[in-house]
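Colleague: I should like to go through this model with you and hear the grounds for each term you apply to it. Please show it first.

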Amino acid sequence: MSIALVILAAGKGTRMNSDIPKVLHPIAQFPMLVHTMWAGSVLSPERTVIVTGHGSEAVTRVAQSEDEDARIVVQTEQLGTAHAVAQAREELEGFSGDVVVLYGDTPFLQPDTLERMIAARSESDLVILGFEAADPARYGRLVMNGNVLDRIVEFKDATDEEKSITFCNSGLLACDSDTLLSLIDAVGNDNTAGEFYLTDVVEIARSRNLTVTAVACDEAQTLGVNSRVDLAAADAVFQARARTDLLELGVTLMAPETVYLAADTVIGRDTVIEPNVVFGPGVSVESGATIRAFSHLEGCHVSQGAVVGPYARLRPGAELAENTRIGNFVEIKNAEVAEGAKVNHLSYIGDASVGAGTNVGAGTITCNYDGVMKHRTTIGENVFVGSNTMLVAPVNVGDGAMTASGTIVTRDVEADALAVGRAKQENKPGYARKLFEMLKTKKARQDKGA
Ligand code: UD1
Ligand code: MG
């Protein structure tokens, strides 16, 4: 059966107190909307329609960078969840199959829950996702009659008896596309909030003798985010789960609660992560590597046996080959470091390549930026780059070459050559002693005067 996703993402999220639309706030470095799209992707949707409203442009950008075929509709006025789904009508034209309605602010939805909803569709015309709420608060209540869902009552419209129901509406549903759109046509806004409630489709379906049921999931999966407090709590839940997954995969986390992971972080078996390491998006670490304390990694790849940190920063495009060493206070950006190469102390390597077996001395900098453009530095294999070498890009250093410490390399260095480019040293015998005496006499005179 073909599936179309309709993701509701028009809300402002007033309680976020933010200029950023709610669904773009991140959990583990990825916008909540993207988490929802990932969850929905398990159904291999033929179409994905995103209902935007507040911050529509920004939401569109994020949605389409995740899925370039995502169809965007704009709900200019938020008149309710049924009205939101109705905006997808044009984008659903010519589609036949099931529509699954998702919310853009429920990042914990698990793929198997959606699969269970689709499975339940073989028995019922309309399937609602519900959950047993520990604290039902303001959720809509699911009024069940055996396996049949009779109707959904919004908290605002519920009687005291209905409020005592703890089986609640997640908001997600699955239904044949044409059926759903026709049900939505019949939804009115005669209720306490004056909104077009998507939940009303249940009663309308029942009145048309359609079958309606509810599938249950864990409350944690339907957790919505409405405030920064919720966001922080949701991130914490995500982190705890991701850390446990890594531990179970055979990764050592010395102090798990201090390691911050991104939703797409990949780490291989027997890699050791020391305390206080931050992973930004796009990081993969192979097995048997060590990421030492206080390192920050994003958009990079670390190969087997490499040791990174403590206090290292790997920025996008850093590619570390097997058994490389990146030490303290070293920043690597858009650069490949080949097998066994070492950059151990206080260096910046950007827009560069460092050949196998090369040693980059302390304080080395690739001067990649001239204030307007970026340029590349190529360092060959088995090179010895002396401490405090400035490599003014574009520049190449050939295999087996050396640079003397303090050298400013502005011209290419051929293979096996030694580049020396620094002021010549002069020693003046006895000068130090004379200078010390002069300074001490001066200080003594000042101290007496004071
Ligand atoms: C809704 C459900 C309620 C359920 C709860 C679960 C209805 C009428 N009520 O209530 O039964 O328990 O979710 O969280 O559906 N949105 C739009 N356009 C609109 C209105 C909403 O895009 O015009 C989006 C929001 O951005 C949000 C989602 O739809 O992502 C749900 O809207 P919200 O206002 O939070 O609905 P609730 O009152 O929480
Ligand atoms: Mg809500």
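Colleague: What makes the approach of ligand 1 to the backbone of Leu 79 a polar contact?

Modeller: In this predicted model, an oxygen atom of ligand 1 is 3.3 Å from a polar backbone atom of Leu 79. A polar contact is a pair of N or O atoms within 3.5 Å, so the pair qualifies. Gly 80 offers a backbone N or O atom at 2.9 Å from an oxygen atom of ligand 1, and a backbone N or O atom of Gly 140 also lies 2.9 Å from an oxygen atom of ligand 1.

Colleague: How much of ligand 1 does the protein bury?

Modeller: Ligand 1 taken alone exposes 750 Å², and the protein buries 79% of that.

Colleague: Which residues are the closest of those that surround ligand 1?

Modeller: The closest are Gln 75, Gly 80, Thr 81, Glu 154 and Asn 169, out of 19 residues that surround the ligand.

Colleague: Let us turn to the domains. Where do their bounds fall, and how many residues of each take part in the contact?

Modeller: Domain 1 spans 3-222 and domain 2 spans 245-419. Their centres, taken over C-alpha atoms, are separated by 46 Å. The contact takes 5 residues from domain 1 and 8 residues from domain 2.

Colleague: Thr 222 stands at the end of the span given for domain 1. Why is Thr 222 called buried or exposed?

Modeller: Thr 222 has 9% relative accessibility. Buried means under 20%, so Thr 222 counts as buried. Thr 222 lies in the loop between β11 (212-216) and α8. Leaving aside neighbours within four places in sequence, Thr 222 is in contact with Thr 106, Leu 129, Phe 131, Ser 170 and Cys 217. The C-alpha atoms of Thr 222 and Gln 110 are separated by 9.2 Å, although these residues are 112 apart along the chain.

Colleague: On which side of the same cut-off does Thr 265 fall, buried or exposed?

Modeller: Thr 265 is at 15% relative accessibility; this value is under 20%, so Thr 265 counts as buried. Thr 265 is found in the loop between β12 (252-253) and β13 (266-267).

Colleague: What makes the link between Thr 265 and Ala 262 a polar contact?

Modeller: The side chain of Thr 265 reaches the backbone nitrogen of Ala 262 at 2.9 Å. That distance lies within 3.5 Å, so the limit for a polar contact is met. Beyond four places in sequence, Thr 265 is in contact with Phe 279, Gly 280 and Val 283.

Colleague: Which residues have the most contacts inside the largest nonpolar core, and which elements give two or more residues to that core?

Modeller: The core has 54 residues, and those with the most contacts inside it are Ile 273, Phe 279, Leu 297, Val 302, Leu 314, Ile 326 and Ile 332. The elements giving two or more residues are α8 (228-248), β21 (312-314), β22 (318-320), β24 (330-337), β26 (348-354) and β32 (395-397). The largest share, 5 residues, comes from α8. This core draws at least three residues from each of domain 1 and domain 2. A second, separate core of 35 residues includes Leu 8, Leu 142, Leu 180 and Ala 205. In soluble globular proteins, nonpolar side chains tend to be buried together.

Colleague: What does Val 302 touch?

Modeller: Not counting residues up to four places away in sequence, Val 302 touches Ser 284, Val 285, Glu 286, Ala 289, Ile 291, Leu 297, Val 308, Leu 314 and Leu 320.

Colleague: How do you know that the peptide bond between Gly 309 and Pro 310 is cis?

Modeller: The omega of this bond is about 0 degrees. Pro 310 lies in the loop between β20 (307-308) and β21. The bond from Ala 393 to Pro 394 is likewise cis, with omega near 0 degrees, and Pro 394 lies in the loop between β31 (390-392) and β32. Most peptide bonds are trans.

Colleague: What makes the phi of Asn 17 worth a remark?

Modeller: Most residues other than glycine have a negative phi. Asn 17 is not a glycine, yet has a positive phi of about 50 degrees. Asn 17 is found in the loop between β1 (3-9) and β2 (26-27). At 69% relative accessibility Asn 17 is over 50%, so Asn 17 counts as exposed.

Colleague: And why is Asn 276 called partly exposed?

Modeller: The relative accessible area of Asn 276 is 31%, which lies between 20% and 50%, so Asn 276 is partly exposed. Asn 276 also has a positive phi, of about 60 degrees, and is found in the loop between β14 (272-273) and β15 (278-279).

Terms used
Residues numbered from 1 in each chain as written. Chains lettered and ligands numbered in written order. Predicted model: local features only at pLDDT ≥ 70, side-chain atom pairs only at ≥ 80, totals over all residues. Heavy atoms only, no water. Core = buried A, V, L, I, M, F, W, Y, C linked by side-chain atoms within 4.5 Å. Buried < 20%, exposed > 50% of the residue type's maximum accessible area, 1.4 Å probe, protein only. Helix = DSSP H or I, 4+ residues; strand = E, 2+ residues; numbered from the N terminus. Domains from an automatic or database assignment. Contact = heavy atoms within 4.5 Å. Near = heavy atom within 4 Å. Polar contact = N/O pair within 3.5 Å; in protein donor to acceptor, adjacent residues only side chain to side chain. Areas by Shrake-Rupley, 256 points an atom, 1.4 Å probe, with all protein chains shown as cover.
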